[in-house]
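Colleague: I have a few minutes before my next run, so could we go through this one together? Please put it up on the screen and I'll ask as we go.

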Amino acid sequence: MRFVIQRVSESEVKVDGQILGKIGKGFMVLIGVCDSDTREIADKMVKKMLGLRIFEDEQGKTNLSLDSVGGELLLISQFTLYANCKKGNRPSFIEAGAPDMANEMYEYIIEKCKEQVEVVERGQFGADMKVSLVNDGPFTIILDSDTL
């Protein structure tokens, strides 16, 4: 499982010109799932993400977590995080999770986040989404379950 976490001052996702999800200060997270991912892996990833202390405290040090600043989440499914570009110039997505399983894991992650975060917005699995954001910093963290 892979999460690309961007600390944002605002972010939104649209499908067919309609806003599906919109947040202020918080994390916009791209979520990639592979076939070997489990709920236990998702739990570990969510715990790590929500515990990240990457917001500034009064001294300007990145010492505060999402919860400490009342931050919000925008969660976007992103199978292209499993693109394999080793051969040729056209990426292969064979390492990405099968759609039904990946969607189930995406929904599970959303529900787990809702248990701890007041505002959790989302994209639409499998849709052609337009994501906009103001990356605050910029600050981007990549979490990969293979390296946690």
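Colleague: Let me start with a tyrosine, then: is Tyr-106 buried or exposed?

Modeller: Keeping in mind that this is a predicted model, Tyr-106 is buried, with a relative accessible area of 1%.

Colleague: And which ring does Tyr-106 pair with, and how are the planes set?

Modeller: Tyr-106 pairs with Phe-125; the ring centres are 6.2 Å apart and the planes stand at 40°, so the pair is classed as tilted. Tyr-106 belongs to helix α2, while Phe-125 sits in the loop between β7 (120-122) and β8, so the contact ties together parts that are 19 residues apart in sequence. Unlike the buried Tyr-106, Phe-125 is partly exposed, at 30% relative accessibility.

Colleague: How many aromatic pairs are there by that rule?

Modeller: The count comes to three aromatic pairs. One of them joins Phe-79 and Phe-93, whose ring centres are 5.0 Å apart with the planes at 70°, so this pair is edge-to-face. Both Phe-79 and Phe-93 lie in the loop between β6 and α2, so the pair ties together parts of the chain that are 14 residues apart in sequence.

Colleague: Are those two phenylalanines buried or exposed?

Modeller: Phe-79 is exposed, with a relative accessible area of 51%, and Phe-93 counts as partly exposed, at 32%.

Colleague: Changing topic to pockets: what is the volume of the largest one, and which residues lie nearest its centre?

Modeller: The largest pocket has a volume of about 370 Å³ and is lined by 20 residues, of which Ser-77, Gln-78, Phe-79, Gly-126 and Met-129 lie nearest the centre. The elements that each give two or more residues to that lining are β3 (26-32), β6 (72-77), α2 (99-114) and β8 (129-144). Phe-79 therefore appears in two places in our talk, as an exposed residue and as one of those nearest the centre of this pocket.

Colleague: What does the lining look like by residue class?

Modeller: For the largest pocket, the lining has 14 nonpolar and six polar residues, and no charged ones.

Colleague: What about the second largest pocket, and which residues line it?

Modeller: The second largest pocket has a volume of about 170 Å³, and the residues lining it include Leu-50, Leu-66, Asp-67, Glu-72 and Glu-118. By class, that lining divides into four nonpolar, three polar and three charged residues.

Colleague: On to cysteines, since I have to choose a buffer: how many disulfides does the structure hold?

Modeller: The structure holds zero disulfides. For Cys-34, the closest cysteine sulfur is that of Cys-85, and at 16 Å it is too far for a bond. For Cys-113, the closest cysteine sulfur is in Cys-34, 18 Å away, which is again too far for a bond.

Colleague: Are Cys-34 and Cys-113 buried or exposed?

Modeller: Cys-34 counts as buried at 13% relative accessibility, and Cys-113 is buried too, at 0%.

Colleague: What about the backbone, say the peptide bond from Gly-137 to Pro-138?

Modeller: That peptide bond, from Gly-137 to Pro-138, is cis, with omega near -5°, and Pro-138 has its place in strand β8. As a general matter, most peptide bonds are trans, and most residues other than glycine have a negative phi. Asp-16 has a positive phi, about 55°, although it is not a glycine.

Colleague: Where is Asp-16, and is it buried or exposed?

Modeller: Asp-16 is found in the loop between β1 (2-15) and β2 (18-23), and it is exposed, with a relative accessible area of 75%.

Colleague: One more: which residues far apart along the chain come together in space?

Modeller: Arg-122, which lies in strand β7, has its C-alpha atom 5.3 Å from that of Leu-74, although the two are 48 residues apart along the chain. Lys-48, in helix α1 (residues 39-51), is 8.5 Å from Leu-143, C-alpha to C-alpha, with their positions 95 residues apart in sequence. Arg-122 is partly exposed, with a relative accessible area of 26%, and Lys-48 counts as partly exposed at 42%.

Colleague: And which ring does Arg-2 lie over?

Modeller: Arg-2 lies over the face of Tyr-82, at 4.0 Å from the ring centre.

Key
Residues are numbered from 1 along each chain as its sequence is written. This is a predicted model: local features need pLDDT of at least 70, side-chain atom pairs count only at pLDDT 80 or more; totals for chains, interfaces and linings use all residues. Side-chain values use heavy atoms; hydrogens and water are left out. On a 1 Å grid over the protein atoms alone, a cavity is a set of points where a 1.4 Å probe fits but cannot get out, and a pocket is an open set with protein on both sides within 12 Å along at least five of seven lines; lining residues have an atom within 4 Å of a point. Grid points are joined across faces, edges and corners, and a volume is the space filled by probe spheres set on the points. Helices (H or I, at least four residues) and strands (E, at least two) are DSSP runs, numbered from the N terminus. Ala, Val, Leu, Ile, Met, Phe, Trp, Tyr, Cys and Pro count as nonpolar, Asp, Glu, Lys and Arg as charged, and the others, Gly among them, as polar. Rings of Phe, Tyr and Trp (its six-membered ring) pair if their centres lie within 6.5 Å; planes under 30 degrees apart count as stacked, over 60 as edge-to-face and the rest as tilted. Buried means under 20% relative accessible area, exposed over 50%, partly exposed in between (1.4 Å probe, protein chains only). A charge sits over a ring if NZ of Lys or CZ of Arg is within 6 Å of the ring centre and within 35 degrees of the ring normal. A disulfide is a pair of cysteine sulfur atoms within 2.5 Å.
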